[in-house]
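Hi,

Here is the structure I promised to pass on. Have a look at it first, and then read on for what turned up.

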Amino acid sequence: MIASSKWLNKIKWNEDGLVPVIAQEVGSNVVLMFAWMNHEALAKTVEVGEAVYWSRSRKKLWRKGEESGHTQKVHEIRLDCDEDVLLIQVEQVGGIACHTGRHSCFYQKLGEGEWQVAEPVIKDPESIYK
């Protein structure tokens, strides 16, 4: 996979060379997480068929599940109408997308003027990341 492929150049990358990515569970359409990709991460994702993101804090590629084993098998990649956001539909292997041990990173909802936990921990993060 060549990172200068025409399809990669169609994307409107931000000033840091990144594009926001929404990971959605295929079938249920639950939004699992939000992350970033650069050219290399997106090209690698397409090449291997599993989600590879760009970690802004670690400043390196990060294959989802590289530590936890909770990988994301990519079923489809879509580009929005402004060509600056990606939606990837994934199969969440192991059922856990969040580093907190929950199914989705969006486990808090606003209710009665405060954020309330709406999803249980499926697996203790300490047992996942040792």
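A good place to start is the pairing of strand 5 with strand 6 (residues 86-92): the two run antiparallel and are joined by seven bridges. Within that pairing, Gln-72 has Gln-92 of strand 6 opposite it. Please keep in mind as you read that this is a predicted model.

These two strands belong to an open sheet of four strands, in the order 2-1-6-5, and the pairing in the sheet is mixed. Which strands stand at the edges? They are strand 2 (31-37) and strand 5 (72-79); each has a single partner strand, so one side of each has no neighbour in the sheet. From one strand to the next, the twist averages 25 degrees. Helix 2 (residues 39-48) packs on this sheet and touches strand 2, strand 5 and strand 6. The direction of helix 2 makes about 120 degrees with that of strand 5.

Strand 1 (residues 19-25) is worth finding next. Six of its seven residues are buried, so strand 1 is largely enclosed by the rest of the structure. Strand 1 pairs with strand 2 in the antiparallel sense, over six bridges, and with strand 6 in the parallel sense, through five bridges. You can see both pairings at Gln-24, which stands opposite Val-31 in strand 2 and opposite Gln-89 in strand 6. Strand 1 and strand 2 also form a hairpin, with five residues between them. In the turn, Gly-27 has a positive phi of about 95 degrees.

Now for the aromatic side chains. The structure holds two aromatic pairs. In one of them, the ring centres of Phe-34 and Trp-36 are 5.5 Å apart and the planes meet at 80 degrees; angles over 60 count as edge-to-face, so that is what this pair is. Are these two residues buried or exposed? Phe-34 counts as partly exposed, at 41% relative accessibility, whereas Trp-36 is buried, with a relative accessible area of 18%. The other pair, Tyr-53 and Trp-62, is tilted, with 5.2 Å from centre to centre and 40 degrees between the planes. Both Tyr-53 and Trp-62 are buried. One more ring to look at is that of Tyr-107: Arg-102 lies over its face, at 3.9 Å from the ring centre.

Next to Arg-102 in the numbering is Gly-101, in the loop between strand 6 and strand 7 (108-111). Gly-101 is buried, with a relative accessible area of 0%. What is Gly-101 in contact with, leaving aside its neighbours within four places in sequence? The residues are Ile-96, Val-121, Ile-122, Lys-123, Pro-125 and Ile-128. From Gly-101 to Ser-127 the distance is 9.4 Å, C-alpha to C-alpha, with their positions 26 residues apart in sequence.

Finally, the chain as a whole. It has three helices and eight strands, and from the N terminus on the elements run α-β-β-α-β-β-β-β-β-β-α. The C-alpha trace spans about 45 × 35 × 30 Å along its principal axes. A compact globule of 130 residues would have a radius of gyration near 14 Å, and the chain agrees with this at 15 Å. Of those 130 residues, 37% count as buried. Among contacts between residues at least 6 apart in sequence, 43% join residues at least 24 apart.

Happy browsing, and best wishes!

Note on methods:
Residues are numbered from 1 along each chain as its sequence is written. This is a predicted model: local features need pLDDT of at least 70, side-chain atom pairs count only at pLDDT 80 or more; totals for chains, interfaces and linings use all residues. Side-chain values use heavy atoms; hydrogens and water are left out. Rings of Phe, Tyr and Trp (its six-membered ring) pair if their centres lie within 6.5 Å; planes under 30 degrees apart count as stacked, over 60 as edge-to-face and the rest as tilted. Buried means under 20% relative accessible area, exposed over 50%, partly exposed in between (1.4 Å probe, protein chains only). A charge sits over a ring if NZ of Lys or CZ of Arg is within 6 Å of the ring centre and within 35 degrees of the ring normal. Two strands pair if DSSP finds at least two bridges between them. Axes are lines fitted to C-alpha atoms, for helices over the stretch in contact, and angles run from 0 to 180 degrees between N-to-C directions. Contact means heavy atoms within 4.5 Å. The radius of gyration is taken over C-alpha atoms; the globule rule is 2.2 Å times the number of residues to the power 0.38.
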